[in-house]
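User: I am new to this structure and should like to understand how certain labels are justified. Please explain the reasoning behind each one.

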Amino acid sequence: MSTPYPFTAVVGMADLRLALLLNAVSPAVGGVLVRGEKGTAKSTAVRALAALMPAVDVVAGCRFSCAPGAPDPACPDGPHEAGPGVARPARMVELPVGASEDRLVGALDIERALAEGVKAFEPGLLADAHRGVLYVDEVNLLHDHLVDLLLDAAAMGASYVEREGVSVRHAARFLLVGTMNPEEGELRPQLLDRFGLTVEVAASREPEQRVEVVRRRLAYDDDPAAFAARWAGDEAALRERIVAARALLPEVVLGDAALRQIAATCAAFEVDGMRADIVMARTATALAAWAGRTDVTADDVRQAALLALPHRRRRNPFDAPGLDEDKLDETLERFGGDDEPDRDPDPDPEPDGPDSGPGGGPGGGIPPQPQGPQPQGPQAQEHQPQEHQPQEHRPQGDQPQGPGTAPAADRPDAVPGASAGEQAAVRAAEPFRTKMLSVPGLGEGAAGRRSRARTERGRTTGARRPQGALTKLHLAATVHAAAPHQRARGRSGPGLVVRRDDLRQATREGREGNLVLFAVDASGSMAARQRMGAVKGAVLSLLLDAYQRRDKVGLVTFRGTTAEVALPPTSSVDAAAARLERLPTGGRTPLAAGLLKAHDVLRVERLRDPSRRPLLVVVTDGRATGGGPDPVALAGRAARLHAADGTASVVVDCETGPVRLGLAGALAAELGGTAISLDELRPDSIAGLVRNIRTMGSDSRRAA
């Protein structure tokens, strides 16, 4: 077994370490979601925590880690007799992104249940993680139904497995830790709310701290055992502190003054529901126990708010998590009580290490990390010093001014670094709920909410012989297959004699997520401010719809003489929205180049993920004025490539005015898709849009 990296050797990231330690003290806090860019030691810190968890006493031979003093009465391996038990280290169980439902919750042997009446249950990862740590790397890429099962078990402290009337329950209490890179897609707000605490992590910009990170990592890679031995004393001290805080936790008093501050803070930030209040209360109590106190202070409430509220402040998928600390301080001061005890001036869990001293690790020379979750996206830009901000994000008054240059306010169409003829990026209009666009036919892609598909979850539509392990039994079909053979099999009692050949797998139909590729015309013909704002608002609305339906999205733009992939296919609609917001306009309309670029993107994606069906959304007025001697003919040939591949497509017609040429409709016909206007995207304007898309798709297949 490899030697884990010591938790106390992790440089910086005070908020992450504090959040993990608070959950180790009080698992009732509800787990930690760690958000951050790649390469920031998220996984290293989480895996290092497992070594700090105190050993647990378990019933010998119990696969579900029952405690000897209070075994689970419903344990599938029970009932257990009273005994001393055996001690073992707390487990750190990792849930892979591609895990199946049976691997997570466990599997029942349906064949034995039907033929022998025996509940033969194979425990899953939830059982393995009981009384330990369950770690989910890239939790935002996990299928939604698995995340639901995971968070339900974490909230209830138990896992339930039911298959065709056979039910098994077992205890599942664990410290849940998830990590994610927001660039790869966000979690749904409902799932975000189920994590107790959230921490934002980012690589330090301080050279000394980065030097120390590299120094320690190289030392660990050269000799893991020797490196761990240097930190063994600090690890033991921190482990003892966790045990002491756990013992003190029941004695901590959460006074009325602290409760008023918690309730007032959640109300001031308009947090939905009551889960935030409960999590804040538990976190503040754990903070007091961690600091060795029996009373909760305003500082505890403040730190609890910084850890528990930012991810609950999101109102739509494009909002960055964050908290206004000035408003938080005003609220705490306004509702502060007079009965507050003396505060511990230093509850920081920063451990002292053997490398103390200037530039040598904890306690020496390394600048502390900022407290509280760090804002991302536009908010992060606002908090950066202006010299570190991208030029386009600086306040207008701070743009560099050259001799004879007009102020930015007098040049509304100027874009920093833009070429001649470019116009400024126009703000998108307010997004709206769109009519659903779907891909015709029946797919077999990843679970989602857009197009019809054969899935593991959904309504039962039939039965078939299982291919591999049986996962969803079709009981009626199984009985129907076994019934004719009962006399030949010597049936003599009331039970049904079932053989493996009789088992039938249920086929189910649900919804899949698709790849929605946007090809957006950013040429001069689209450049009128009001028009481009409406176009961006429509695309933003479709992006929001893609987020809700769990699609991957990509963005191709074309203007001037070329087309470019502004955003390769990704699960992060936030990134797509950011690219769209900064999209400038101007130049001619190389429609053929845009369609060919989209064709290249889809060709590569079909090789990467053949089961995910694409939906091409072309946003244009249909004009083709660039890209060759006969741009209209070139655009037609490029469109027919998509039609030949069977790509479902929709053309959003941006043409406005009393006289319209209908070019977008002609393009849609070449694509084998359908054309709709911007106004028709709204659900109250186009009854039957989905039917039209499916009809067009069916007609194009018959024509082929």
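Analyst: The model is predicted. A suitable starting point is Arg-504, which lies in the loop between helix 16 (475-482) and strand 14 (505-512).

User: Why is Arg-504 said to have no salt bridge?

Analyst: A salt bridge requires a side-chain nitrogen of Lys or Arg within 4 Å of a carboxyl oxygen of Asp or Glu. For the buried Arg-504, the nearest side chain of opposite charge is that of Asp-502, 5.8 Å away, so the criterion is not met.

User: What does the side chain of Arg-504 reach at 3.3 Å?

Analyst: It reaches the backbone oxygen of Asp-502. Arg-504 also touches residues farther along the chain than four places, including Arg-464, Pro-466, Leu-473 and Ala-477.

User: How do you know that Cys-75 is in no disulfide?

Analyst: The search of the whole structure finds zero disulfides. The nearest cysteine sulfur to Cys-75, that of Cys-66, is 3.6 Å away. A disulfide needs two cysteine sulfur atoms within 2.5 Å, therefore this pair does not qualify.

User: What makes Cys-75 and Cys-654 buried?

Analyst: Buried means under 20% relative accessible area. Cys-75 has 6% and Cys-654 has 0%, so both are called buried.

User: Why is strand 19 described as mostly covered?

Analyst: Six of the six residues of strand 19 (residues 648-653) are buried. Ala-648, Val-650 and Val-652 are buried on one side, and Ser-649, Val-651 and Asp-653 on the other.

User: How do you know that strand 18 pairs with strand 19?

Analyst: Pairing requires at least two bridges. Six bridges join strand 18 (residues 614-620) to strand 19, so the two parallel strands count as paired. Leu-616 stands opposite Ser-649 in strand 19.

Methods
Residues are numbered from 1 along each chain as its sequence is written. This is a predicted model: local features need pLDDT of at least 70, side-chain atom pairs count only at pLDDT 80 or more; totals for chains, interfaces and linings use all residues. Side-chain values use heavy atoms; hydrogens and water are left out. Helices (H or I, at least four residues) and strands (E, at least two) are DSSP runs, numbered from the N terminus. Buried means under 20% relative accessible area, exposed over 50%, partly exposed in between (1.4 Å probe, protein chains only). Lys and Arg count as positive and Asp and Glu as negative; His and the chain ends are not counted. A polar contact is a pair of N or O atoms within 3.5 Å; within protein, one must be able to donate a hydrogen and the other to accept it, and residues adjacent in sequence count only if both atoms are side-chain atoms. Contact means heavy atoms within 4.5 Å.
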